[in-house]
Amino acid sequence: MTSADLFSMPALATVNGADFATETTFGVINPSTGAVFAQAPAVTPLQLDLVFAAADRAFQMWKRDDEFRRAGLLAAAAAIEAAVEELAPILTAEQGKPLADSRMEFLGAAMWLRYFAELEVPREVIRDDAEGYEEVLRRPMGVVSAITPWNFPITLAMWKIAPALRAGNTIVVKPSPYTPLATLALAKVLRGVLPDGVLNVVTGPDPLGAAMVSHPVPRKVSFTGSTAVGKRVAVAAAEDLKRVTLELGGNDPAIILRDVNVQEVADSLFWSAFANNGQICLAVKRVYAHKDVKQELVEALGEIARKARIDDGMTDGVQLGPINNKPQFERVKDLVRDAVGRGARVVAGGEALDRDGYFYKPTILDGVEDDFRVVDEEQFGPVLPILEFTDESDAIDRANNSEYGLTASVWSADTEHALAVASHIDSGQVSINAHGRGVLPHLPFGGHKWSGVGVENGPWGLHSFTELQVVAGPPRKKN
Ligand code: NAD
């Protein structure tokens, strides 16, 4: 299959291993130009009956054979790896990220499939003796409804697809209307690799997302997106006692201790905040730097920001593409305007690029206070406020003073000291001298407080797509 085949107009949903017809389509914008470049199928909430019925039929077969599922996941990984050069440009065109990052996203998805293919779905025999037989099983739930955002459409879909399928469920995935095409293309590549109906992908403008939650067939909703929508998903799922995993927003702090070598850490800290233009749930979103190192850090980050290569994601050597969509572009401008209006100093950036598309210069803000919106709210864009502290316990309090608790980081020349500070941080993950160091297939990822409910990845993520079942009986006959 070539890139041209995958781009072929209009892109089609995959249901039951085949094209799924819709009456209408909706436009997809390339954020590098701000213009519509493709159409995606507008599946309607009413059509979900057909979609979930196909997934439910496939579940009756897919749940039966553990080894078959394992082989299916490995075959899916190989198919993605073979198609990465065709798939990556589609992701860049709709999301904006550099082509190299799009390739990494698909290769990471294959890695996730391979990890889960090897993972055992546990069966634990608790007793098997003259008194009786007791076993604890993990059974699949049925059909999973998966809803993803626009920042990492493939990574975040695969964090759901791989464990859900491994455990024996089937799945219907709905990507964001801003980035429907890469997930549609992924499903097209996996047709014939996975049995029909096991992986279904539908796209459409909202209210399709809400209908994915309220539909009676799925027994589990796995949602990644904003906290505001996540709360609505939790309420709607509760009506039917559907199980939920919610991966939501974050406002991650980085605490820079007094003994840090600024020149050594600046680059890593910068990219922890600005990779994917800051559109990462676990990007560093506020920096608390000790007063002895703060000024040097501000200048070092400013210098890196000014040198960053910003362009269309298809351009060779580009480091940052555009912001993904107009509302997000406007939000970033608004947050910077608000901070500057209240006295913040723009060290670097602070403005959009003078060209079409949603390009915004990576922006470092100094002279910012804790109650500025850019500190309090999740900016989810290329702007980073740097705040100062003198007392470590004050930095910890301010870092924890957030409704969010996704991830955090502590930076110090003394690892033991950093670990001691980290032990006071209330978040789903704390990294030392890096940010998001623990985002790996085998480690649980999830947020405290408003950053989420439950976790993805590792055995913990796999288990979240299962229900426990006890089987108890009289003693079994021994040969
Ligand atoms: P969003 O909440 O606006 O949309 C996410 C998805 O939900 C989209 O597919 C959307 O169509 C769908 N949706 C909209 N209304 C719905 C409803 N009522 N019911 C069900 N689904 C509905 O989020 P976004 O703007 O696409 O993504 C950005 C947000 O996602 C940020 O807050 C970011 O922090 C968060 N995020 C979290 C993680 C994580 O793992 N914790 C990862 C990436 C992004």
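**Interdomain contact and ligand surroundings in a predicted model**

Across the interface of domain 1 and domain 2, 7 residue pairs are found in polar contact, with both partners at pLDDT 80 or more. On the side of domain 1 that touches domain 2, helix 3 (66-95) and helix 4 (99-118) each supply at least two residues, and the residues of that side divide into 13 nonpolar, 11 polar and 2 charged. The count of salt bridges between domain 1 and domain 2 is 0. The structure is a predicted model, and the values given here are computed from it.

The domain assignment of the chain places residues 3-248 together with 452-469 in domain 1, and residues 252-441 in domain 2. The contact between these two parts draws 26 residues from domain 1 and 28 residues from domain 2, while the C-alpha centres of domain 1 and domain 2 lie 30 Å apart. The size of an interface is often given as the accessible area lost when the parts come together. By that criterion domain 1 and domain 2 bury about 2,100 Å² between them, with 60% of this area on carbon and sulfur atoms.

The ligand is surrounded by 30 residues, of which Thr148, Asp206, Ser226, Leu248 and Glu378 are the closest. Polar atoms of several residues approach the ligand, including the side chain of Ser226, where an N or O atom is 2.6 Å from an oxygen atom of the ligand. For Leu248, a polar backbone atom is placed 2.7 Å from a nitrogen atom of the ligand, and for Ala210, a polar backbone atom is 3.4 Å from a nitrogen atom of the ligand. Asp206, one of the closest residues to the ligand, also precedes a cis peptide bond, since the bond from Asp206 to Pro207 has omega near 25°. Pro207 itself is located in the loop between strand 9 (199-201) and helix 7.

A search of the whole structure finds 34 salt bridges. One of them joins Asp240 and Arg219, whose closest N and O atoms are 3.0 Å apart. Asp240 belongs to the loop between helix 8 (227-238) and strand 11 (243-247), whereas Arg219 belongs to the loop between helix 7 (208-214) and strand 10 (220-224), so the pair ties together parts that are 21 residues apart in sequence. In general terms, side chains of opposite charge can pair when their charged atoms come close. The loop between helix 8 and strand 11 also contains Leu241, a residue other than glycine for which phi takes a positive value, near 50°.

Note on methods
Residues numbered from 1 in each chain as written. Predicted model: local features only at pLDDT ≥ 70, side-chain atom pairs only at ≥ 80, totals over all residues. Heavy atoms only, no water. Domains from an automatic or database assignment. Contact = heavy atoms within 4.5 Å. Buried area = accessible area lost by both parts, 1.4 Å probe. Salt bridge = Lys/Arg side-chain N within 4 Å of Asp/Glu carboxyl O. Polar contact = N/O pair within 3.5 Å; in protein donor to acceptor, adjacent residues only side chain to side chain. Helix = DSSP H or I, 4+ residues; strand = E, 2+ residues; numbered from the N terminus. Nonpolar A, V, L, I, M, F, W, Y, C, P; charged D, E, K, R; others polar. Near = heavy atom within 4 Å.
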